[in-house]
Amino acid sequence: LKAGAISGGAAIVLIFLGSLLFGRVSNPMVDRLEWTVSTLNNAQRMSRTGSWGGNVRTKEFWCSDETYTILGLAPQIFEIDSLLGLVHVEDQDIVRPAIIHSIEDGVPLNVNCRVIRPNGIERTIHVDGEVTKDAAGVPTYFNGTVQDITEKRQAEEALRQSEEVFRSLAESSAVGIWQVGLDDRTIYVNPAMCSMLGVEGADQVIGKSLYDFITPLSAATVKKEHPRHNDLRTSTYEAEIVCANGDLRPVLISGGPVLSIDGSMHSTIGTLIDNTERKQADRALRKAHDELELRVENRTLQLRQEVEERRLAEAALRESEQRFRDVAEAASDWIWEMDQDLRFTYVSVRIRHILGIEPSFLTGKSHREHAVMEDNPDAWARHLLDLDHHQSFRDFRYNIGRPDGIVQNIKISGKPTFN
């Protein structure tokens with residue numbers, strides 16, 4: 001057994017064979033050893049920590065069941081080089097020198113590395129080991145433990161990234177951030193807070209009491225609000241801070257507790273918004289409010305006049321449009337109007353007497369939808385180009401297909417109207 005760690009099952013077999021061959025182990029002792037091995041295996045499984053050992057001379061190594069599970073291997077005896085073959089290629093230069101240094105110099109092995117299981121899954125492990133030497137000081141056996149720390153590393157990385165995100169947000173925030181411990185001494189201030197206080201760097205604030213930077217009246221407010229944080233509540237209140245040059249600056253503070261892993265209160269953190277401009281804005285707002293009431297009264301009178309003028313203008317427009325329609329209906333020619341998409345929006349009723357079709361036949365349609373264009377394609381191409389470029393045209397002739405099937409030749413003129 002001195003050769004190194006072996007699996008629980010192998011240990012039971014050796015104990016059982018020893019009791020049969022030599023008869024020196026009583027059944028209670030065998031049961032006790034079996035229980036010990038079983039307990040050790042369970043402990044390794046629950047802690048995800050396996051054991052290993054090997055002969056330095058033969059380079060043959062053995063592992064506990066949990067070590068095989070961590071490495072994704074079937075129970076076997078293997079050489080150290082095959083074990084190192086599982087180590088991630090980027091970690092080879094760390095692990096191999098550490099093992100050689102441990103064996104040759106007798107220093108404990110303590111290394112983290114990534115391993116690739118035979119199925120391609122990557123795990124992160126922590127390996128401890130120590131060398132046993134013979135009477136001559138020659139290394140004979142190498143034993144140790146291996147622990148799967150994948151989830152731990154993932155959690156640490158997630159925490160590191162979370163802290164980086166928080167620090168990045170805090171450092172780039174335009175709002176002041178201030179964190180104090182349970183003794184009210186400063187733990188952290190961001191650059192915006194330093195700028196608000198008028199100090200060159202956080203080192204001029206960290207370690208100092210919060211009350212060194214606020215007025216006595218505000219100190220009373222803060223001391224009243226802080227007990228809320230002990231009850232895991234947040235609070236928002238106004239205060240005045242004392243800048244490095246002695247100026248007083250009004251701020252709006254929103255703070256709350258920071259908890260430790262065990263749920264106890266670790267510190268208080270809060271945001272501070274410079275209220276100087278808001279205070280000035282409040283005063284300006286009150287003044288503007290009074291002026292606005294007067295302006296609203298005057299403007300109301302103006303609006304009434306404008307509404308009346310607009311009503312009269314709209315009435316005049318309707319009268320003008322009606323005169324236009326009256327003229328259009330009394331004219332010898334038919335009059336039309338198109339929208340910006342070149343579709344008829346208005347056709348005078350005279351078309352009924354001239355072409356024998358209803359205005360609704362053309363309304364909503366374009367030239368291209370009711371015309372027969374095969375008679376003169378070149379003329380049509382020039383005409384459509386004029387329409388697309390909003391150009392005036394005169395006496396354009398084309399054939400129109402009536403609903404009764406009769407093709408009738410007509411002549412039209414048009415001029416664009418812009419807003």
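What follows is a working chat about a predicted model of one protein chain.

Trainee: Before we get to details, how many helices and strands does the chain have?
Mentor: In this predicted model, the secondary structure of the chain comes to 12 helices and 16 strands. The chain has 419 residues, and buried residues make up 33% of them.

Trainee: And of the contacts between residues at least 6 apart in sequence, what share joins residues at least 24 apart?
Mentor: That share is 41% of such contacts in the chain.

Trainee: Let's take the six-stranded sheet, then; what is its strand order, and is it open or closed?
Mentor: The sheet is open, its six strands follow the order 3-2-1-6-5-4, and the pairing is antiparallel. Its edges are formed by strand 3, at 78-79, and strand 4, at 109-116, each of which pairs on one side only.

Trainee: How many bridges hold strand 5 and strand 6 together?
Mentor: Strand 5, residues 122-133, and strand 6, residues 139-148, are paired over nine bridges in the antiparallel sense. As a point to locate on screen, Gly-129 has Gly-144 in strand 6 as its bridge partner.

Trainee: Which strands does helix 5 touch?
Mentor: Helix 5, residues 92-105, packs on the sheet and touches strand 4, strand 5 and strand 6, with its direction making about 145° with that of strand 4. Helix 6, residues 150-172, also packs on the sheet and touches strand 4, strand 5 and strand 6, and the direction of helix 6 makes about 120° with that of strand 5.

Trainee: Switching to empty space: how many cavities of 30 Å³ or more turn up?
Mentor: A search of the whole structure finds two. The largest cavity has a volume of about 250 Å³, while the second largest has a volume of about 140 Å³.

Trainee: Which residues lie nearest the centre of the largest cavity?
Mentor: Those are Trp-52, Leu-83, Ile-99, Ile-125 and Val-127, out of a lining of 22 residues. Several elements each supply at least two residues of that lining, among them helix 5, strand 5 and strand 6, and strand 4 gives the most, with four residues.

Trainee: How does that lining divide into nonpolar, polar and charged?
Mentor: The lining of the largest cavity has 21 nonpolar residues, one polar and no charged.

Trainee: Helix 3 is close to home for me; where is Asp-65, and is it buried or exposed?
Mentor: Asp-65 is found in helix 3, residues 65-71. With a relative accessibility of 35%, Asp-65 counts as partly exposed, because that class takes in values between 20% and 50%. Asp-65 and Gly-50 are 15 residues apart in sequence, and their C-alpha atoms are 7.2 Å apart in space.

Trainee: Back to the second largest cavity; what lines it?
Mentor: Its lining has 14 residues, of which Trp-178, Leu-210, His-226, Tyr-237 and Ile-253 lie nearest the centre. Two or more lining residues come from each of strand 7 (176-181), helix 8 (216-230), strand 10 (248-259) and strand 11 (265-274). The largest share, four residues, comes from strand 11, and by class the lining of this second largest cavity has nine nonpolar, five polar and no charged residues.

Trainee: Now the pockets; how much space lies in the largest one?
Mentor: About 1,000 Å³ lies in the largest pocket. The pocket is lined by 31 residues, and Trp-336, Glu-337, Met-338, Gly-414 and Lys-415 lie nearest its centre.

Trainee: Which elements supply at least two residues of that lining, and which gives the largest share?
Mentor: Strand 12 (336-338), helix 12 (377-388), strand 15 (393-401) and strand 16 (407-414) each supply at least two, and the largest share, seven residues, comes from strand 16. By class, the lining of the largest pocket divides into 14 nonpolar, 10 polar and seven charged residues.

Trainee: How are strand 15 and strand 16 joined?
Mentor: They run antiparallel and are joined by seven bridges, and Tyr-398 has Ile-410 in strand 16 as its bridge partner. In the hairpin of these two strands, five residues lie between them, and Gly-405 takes a positive phi near 95°.

Trainee: What about strand 14 and strand 15?
Mentor: Strand 14, residues 371-372, pairs with strand 15 in the antiparallel sense over two bridges, and Ala-371 stands opposite Ile-400 in strand 15.

Note on methods: Residues are numbered from 1 along each chain as its sequence is written. This is a predicted model: local features need pLDDT of at least 70, side-chain atom pairs count only at pLDDT 80 or more; totals for chains, interfaces and linings use all residues. Side-chain values use heavy atoms; hydrogens and water are left out. Two strands pair if DSSP finds at least two bridges between them. Contact means heavy atoms within 4.5 Å. Axes are lines fitted to C-alpha atoms, for helices over the stretch in contact, and angles run from 0 to 180 degrees between N-to-C directions. On a 1 Å grid over the protein atoms alone, a cavity is a set of points where a 1.4 Å probe fits but cannot get out, and a pocket is an open set with protein on both sides within 12 Å along at least five of seven lines; lining residues have an atom within 4 Å of a point. Grid points are joined across faces, edges and corners, and a volume is the space filled by probe spheres set on the points. Ala, Val, Leu, Ile, Met, Phe, Trp, Tyr, Cys and Pro count as nonpolar, Asp, Glu, Lys and Arg as charged, and the others, Gly among them, as polar. Buried means under 20% relative accessible area, exposed over 50%, partly exposed in between (1.4 Å probe, protein chains only).
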